[in-house]
Amino acid sequence: MNEPQSDTKRAAVAMQAAADGATVAANSFRTNLDVEHKDGKTDVVTQVDRDAQETVIETIRTAFPDDPVVGEEEDALKTVPETGPAWIVDPIDGTNNYVRGSRAFGTAVAAVVDGEPVAAAFDCPALSDTYRVGPDGVFRNGEPLSVSDCTDPETATVCPTFWWDFDQRDQYATAARAVVDRFGDMRRYGCTQLELALVASGTLEGTMTNLQTNPWDTVAGVQSIRAAGGVVTDLEGNRWRHDSTGLVASNGAVHDELLAATREIVE
C-alpha cells in the first residue's frame, strides 16, 4: 500500500515539475515557432514541447530518480506500467492552441502507483491557473474545487473532447449532435486536460469521447474530477482507467444522460 506521506511528496513534485515545464512553454508563447507535424495535418509538435518535457523529467528524477516516465514526446514510455510507481507527462497539452497563440494550453504531470493516480498537477501559464491534486484534495490556485451541483441536463454545459481525425468526422458530428440534443449548451477548448479540469471546477458539467485516449492527455484531469466529487467512466459505465475505451466525465448528477449521449456515437 502506498503511504500518504509519499503521496504528499509526489503531489509537491508534480506541482513543481508542471510549473517548470509550463515556464519553458510560457517563455516561447506567441513567438515565431518552428512547427512540425507528426501523424497528420492537425497533429503538431514544436521543439518547445521537447524542451518542456525534458525539463519536467529532470525535476521528477531529482526527487524520484528510479521511477519510469510515460510521456508524449521522444523516447519516454508510451504505456503506463501496471505495477509500481510511475509518472505521466504532457509537456504542452493543447499544442494546436499553443502554436496559434491561444491561451488554452498547459503542462500536465500525474503520479501513479500500480496504474492508479495518486497525485497530479496541471499548470496553465497563459491563464494564470494551476490545478493540484493530492491526498488533501483538489485545488486551483490554492482554492479547493468541487464539481457543479447542476442536476438538470437542459441547463448543463458539456464538451466533446479529444480529437476525431478526418476519417472519423461522422463520429465528431454525432457527438456534437448528441450533446446539443440533450444538454443546455456545448463548449470545446481544444485541450483535454483543461476540459477535464473545468469539470472539476464546476465550469462544465461534463466532457466526453468514445475514443481511447492517451494517458498523458487525461490521467491528471481524471484524478482532479474524482477528487472534486465527480464521476469518470468508460463507455460501459465502468470506472475509467488509463487504457479504457471512451471517457465520460461528469459532475455525477448528469452522468447517465452524458453516458447515453456518448453511446450514440458508436450506436
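This is a short walk through one predicted model, going from its two sheets to two annotated residues, two helices and a serine.

I'll start with the sheet of seven strands. It is an open sheet, and its order is β3-β4-β5-β6-β7-β8-β9, with mixed pairing. Which strands stand at the edges? They are β3, residues 69-71, and β9, residues 143-144. Each has a single partner strand, so one side of each is left without a neighbour in the sheet. For β3, the strand alongside is β4, and the two run parallel, joined by three bridges. If you want a place to look, take G71, whose bridge partner in β4 is V89.

Stay on β4, because the annotated positions are there. The UniProt entry, which is unreviewed, lists D90 and D93 under "binding site". The strand itself covers residues 85-93 and includes D90, and D93 is found in β4 as well.

Are these two aspartates buried or exposed? D90 is buried, with a relative accessible area of 0%. D93 is also buried, with a relative accessible area of 4%. The cut-off for buried is under 20%.

Now their surroundings, leaving aside neighbours within four places in sequence. D90 is in contact with E72, G106, T107, A108, W216 and D217. D93 has contacts that include A104, F105, G106 and F122. The D93 list also takes in C191, T192, Q193, L194 and D217. G106 and D217 appear for D90 and again for D93. One polar pair is worth finding on the screen: the backbone nitrogen of T192 lies 3.3 Å from a polar atom of the side chain of D93.

D217 and W216 bring us to helix α6, residues 215-227. At 1.5 Å a residue, the 13 residues of α6 should span 18 Å, and the end C-alpha atoms are 18 Å apart, which agrees. How many of the residues of α6 are buried? Twelve of the 13 are, so the helix is largely enclosed by the rest of the structure. Among the buried ones are P215, W216, D217, T218 and V219. After α6 comes G229, with a positive phi near 100 degrees.

Next, the sheet of five strands. This one is also open, in the order β11-β10-β12-β14-β13, and its pairing is mixed. The edges here are β11, residues 185-186, and β13, residues 231-233. Each of these has a single partner strand, so one side of each has no neighbour in the sheet.

Strand β12 covers residues 206-209. G206 and M208 point one way from it, T207 and T209 point the other way, and all are buried. On one side, β12 pairs with β10, residues 157-160, in the parallel sense over three bridges. Its other pairing is with β14, residues 247-250, where four bridges join the two strands and the sense is antiparallel. T207 shows both pairings: it is the bridge partner of C159, and it stands opposite A249 in β14.

Helix α7, residues 255-266, also belongs in this part of the picture. Its twelve residues should span 16 Å at 1.5 Å a residue; the end C-alpha atoms are 17 Å apart, which agrees. Which residues of α7 are buried? They are H255, L258, L259, A261, T262 and I265. Seen down the axis of α7, these buried residues fall within an arc of 160 degrees, so they line one face of the helix. What covers them includes strands β10, β12, β13 and β14, along with helix α4, residues 169-182.

Last, S201. This serine is in helix α5, residues 192-201. S201 counts as buried, at 16% relative accessibility. Its side chain reaches the backbone oxygen of L198 at 3.1 Å. The side chains of S201 and T203 are joined by a polar contact of 3.0 Å. Not counting residues up to four places away in sequence, S201 touches R140, L145 and S146.

To go back over the main points: the open sheet of seven strands has mixed pairing, as does the open sheet of five. The two positions listed by UniProt under "binding site" are D90 and D93. D90 is buried, and so is D93. Helix α6 is largely enclosed, since twelve of its 13 residues are buried, and α7 has its buried residues along one face.

Key:
Residues are numbered from 1 along each chain as its sequence is written. This is a predicted model: local features need pLDDT of at least 70, side-chain atom pairs count only at pLDDT 80 or more; totals for chains, interfaces and linings use all residues. Side-chain values use heavy atoms; hydrogens and water are left out. Buried means under 20% relative accessible area, exposed over 50%, partly exposed in between (1.4 Å probe, protein chains only). Two strands pair if DSSP finds at least two bridges between them. UniProt positions are given in the numbering used here, feature names are shortened, and annotations may be inferred rather than shown by experiment. Contact means heavy atoms within 4.5 Å. A polar contact is a pair of N or O atoms within 3.5 Å; within protein, one must be able to donate a hydrogen and the other to accept it, and residues adjacent in sequence count only if both atoms are side-chain atoms. The expected span of a helix is 1.5 Å times one less than its number of residues. The arc is that of the directions from the helix axis to the C-beta atoms.
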